[in-house]
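Got a few minutes to look around a structure together? Let's take it one question at a time.

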Amino acid sequence: MTEQLLKVEGLKKYFPIKSGIFGRVSNHVKAVDDISFSVKKGETLGIVGESGCGKSTTGRMLMRLLEPTEGKVTFDGQELTSLSNSEMRIARRDIQMVFQDPYASLNPRHTIEKILMEPLNVHNIGDPKERKQKVYEFLEIVGLSSYHAKRYPHQFSGGQRQRIGIARALMTNPKLIIADEPVSALDVSIQAQVLNLMQDLQKELKLTYIFIAHDLGVVRHISDRVGVMYLGNMAEMADTEDLYEKPLHPYTQALLTAVPVPDPAFEREEVVIKGDVPSPANPPSGCRFHTRCPFKMDICETTVPIFAEVEKGHSVACHLYEESRPQ
Amino acid sequence: MADTTVNSKDVELQKVAGPWKEAWRGFRKSKIAVVGMGIVIFFILLAIFGPLFTPQGINEQNMAERFQPPSSTYWMGTDDFGRDILSRVVYGARISLWVGFLAVVASVIVGSILGILAGYYGRWVDTVISRFFDIMLAFPSILLAIAVVSVLGPSLRNALIAIAIINVPNFGRLIRSKVLSIKEDEYIMSAKAIGMKDSRILFSHILPNSMAPVIVQGTLAIATAIIEAAALGFLGLGASAPTPEWGKMLADSRSYLTNAPWTMIFPGAAIMLTVLGFNLMGDGLRDALDPRMKS
């Protein structure tokens, strides 16, 4: 059994809604409401969900770019949520992030060299000459050339910029990379290139990924395990093949039904959900999915289902599977 | 890991146009802007080297030569004390540009600090600073300048301070709004993700990216500051008697307007030309630096 790199327990993020001239807190948007999971060393955990389900918020809370309202994040034996701000800055050396928009995540006034050098300067790694050499080396590693170093971000295409973003995340030799929709802003042909690059890097550098995306196909391609989020909760989590072949949660089933299959003769049982995602400021009682669930039972309206294992490595939060749970 | 040794010399040879260089390229395209810059450069050179070559002394009175019209000896004529107007206008360039430049630099510095604090830290810091700006902007600027000078006492230095003060809220607001928009950009988030300190993010990311509008506004503000300095001089609240300040010269010429119009025309033309130069240059800079204006 490989060891755990990251453990998340009861993570919550409530954004206050202020109203009136005195800015009294009238309600909260429950962006992330009590999720727990862990990530093993060397694996890729995919997190999927619709827009606004809290997957990006989760990613940002893991490295405390957003302060969690509640919950515990333990990384490599160190409890991140109890660190002071300056200790957290140092800890970020081991956790890096790749951002969604390659057009916005690079400072337009800095050269690529300066952008890539920054993490080394911040964490005081190597002397200036070594730093420069490392910048050139990583440019080559992500498939660019060292002569690109003196250029500015606007002189690159989206795919190239995302490679730069990946190179920046790699500069400090991190253990964990949180990729927040790293390919959703790219063309499909470029997506594949960037995904393959990320997989190659994972093998070479023994990286662990948390891969946040809304594209089920992309997630299936890259992940070892997948977590499905709905309205701030984790609905289901399982090994990739297990989840795609045998989805348990009705929401996961519905999501997978929506993925087109390139075979006109293929017929499947369709799980169709109706309506829209409810507001996270005022989520439904009980199971958050009950307003849209085709298999709704009475208990779903009143009791929150527990997120727990029903089979080995396959956890789900749904009352349908209450009996099959090992007691 | 790929084994790559790179000759860093090859990399150094790559010269690529940065954002500033591109802006300069855009600026050069506009003929009017280049003319404006020509005028500004002309006046700057005049201010620096002009006084070395002036034919007459600036304050030498020659009562026998009062009110001489422009001639080959006195290119711009003489004033009521028989002083050479050309020499005084040339020396005046030094005063006006100096006052304009210094006042604007001072207000940019103070305004930037306040604007960055307000924009980056938000909350009560923003509230206090923004309300302070609002209060200052509630007064007509020249009235506020007059009030400041009357508290400090009339002198060129105090006029400069007054002009600097009245310009602070303009720059402060400009920077505040720019910082507000930049701090939401993803590269600020990524700088945080790297583990960068707040202060470093401010100086290496936010400040350089909010400078473009400040440069534009600064150039235009120098023009306004020169006019304001001249206005204060005209009202007797700026430079005192023998100093050849353009506004003061205009004020002195009032009584002789019909008999010796050259005492007014030349200082007036100097003010107009300098201000025009700065405005043309500022417009060109705005077009070159503001991506939204690009065609």
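**A walk through the two chains**

Q: In β10(A), which residue is the bridge partner of A:Tyr230?
A: This is a predicted model, so keep that in mind throughout. β9(A) and β10(A) pair in the antiparallel sense over six bridges. One of the links involves A:Tyr230, and its bridge partner in β10(A) is A:Asn233.

Q: Which residue in the turn of the hairpin formed by β9(A) and β10(A) has a positive phi?
A: The hairpin has two residues between its strands. The one in the turn with a positive phi, about 50°, is A:Leu231.

Q: Is β9(A) largely enclosed or not, and how many of its residues are buried?
A: Look at both faces of the strand. On one side A:Arg225, A:Gly227 and A:Met229 are buried, and on the other A:Val226, A:Val228 and A:Tyr230 are buried too. So β9(A) is largely enclosed by the rest of the structure, with the number of buried residues being six of the six.

Q: Which residue of β9(A) is the bridge partner of A:Gly46?
A: Strand β3 (residues 44-48) of chain A runs parallel to β9(A), and four bridges join them. For A:Gly46, the bridge partner in β9(A) is A:Val226.

Q: Which strands are at the edges of the eight-stranded open sheet in chain A?
A: The order is β6-β7-β8-β3-β9-β10-β12-β11, with mixed pairing. From one strand to the next, the twist averages 25°. Each edge strand pairs on one side only, and those strands are β6 and β11 (308-311) of chain A.

Q: What is the bridge partner of A:Met237 in β12(A)?
A: Strand β10 (residues 233-239) and strand β12 (residues 314-316) of chain A run antiparallel, joined by two bridges. Within that pairing, A:Met237 has as its partner A:Ser315.

Q: At about what angle to β9(A) does helix α9 of chain A run?
A: Helix α9 (residues 250-257) of chain A lies across β9 (225-230) and β10 of that chain. Relative to β9(A), the helix runs at about 105°.

Q: Why is one side of β2 and of β5 in chain A left without a neighbour in the sheet?
A: There's an open sheet of four strands here, antiparallel, in the order β2-β1-β4-β5. β2 (24-40) and β5 (78-79) stand at the edges, so what each one has is a single partner strand.

Q: Which residue of β5(A) does A:Thr74 stand opposite?
A: Strand β4 (residues 70-75) of chain A pairs with β5(A) over two bridges, in the antiparallel sense. Opposite A:Thr74 in β5(A) stands A:Glu79.

Q: Is A:Arg64 buried or exposed?
A: A:Arg64 sits in the loop between α1 and β4 of chain A. Setting aside neighbours within four places in sequence, A:Arg64 is in contact with A:Leu80 and A:Met88. The cut-off for being buried is 20 or more other C-beta atoms within 10 Å. A:Arg64 has 20 of them within 10 Å, so the verdict is buried.

Q: Which element gives the largest share of the side of chain A that touches chain B?
A: The contact takes 33 residues from chain A and 25 residues from chain B. On the side of chain A, the elements giving two or more residues are α2 (85-91), β6 (95-98), α3 (112-122) and α4 (128-141). The largest share, five residues, comes from α4(A).

Q: How many helices and strands are there in chain B?
A: Read along the sequence, chain B follows the pattern α-α-α-α-α-α-α-α-α-α-α-α. That gives twelve helices and zero strands.

Q: Which helix gives the most to the largest nonpolar core?
A: This core has 155 residues, and B:Ala159 and B:Ile163 touch the most other members. The top contribution, 14 residues, comes from helix α10 (residues 211-234) of chain B.

Q: How far apart are the end C-alpha atoms of α10(B)?
A: α10(B) is mostly covered, as 20 of its 24 residues are buried. At 1.5 Å a residue, its 24 residues should span 34 Å. The model agrees with that, because the end C-alpha atoms are apart by 34 Å.

Methods: Residues numbered from 1 in each chain as written. Chains lettered and ligands numbered in written order. Predicted model: local features only at pLDDT ≥ 70, side-chain atom pairs only at ≥ 80, totals over all residues. Contact = placed C-beta atoms within 7 Å. Pairing = 2+ DSSP bridges. Core = buried A, V, L, I, M, F, W, Y, C linked by C-beta atoms within 7 Å. Buried ≥ 20, exposed ≤ 12 C-beta atoms within 10 Å, placed from the backbone. Axes fitted to C-alpha atoms, helices over the stretch in contact; angles between N-to-C directions. Expected span 1.5 Å × (residues − 1).
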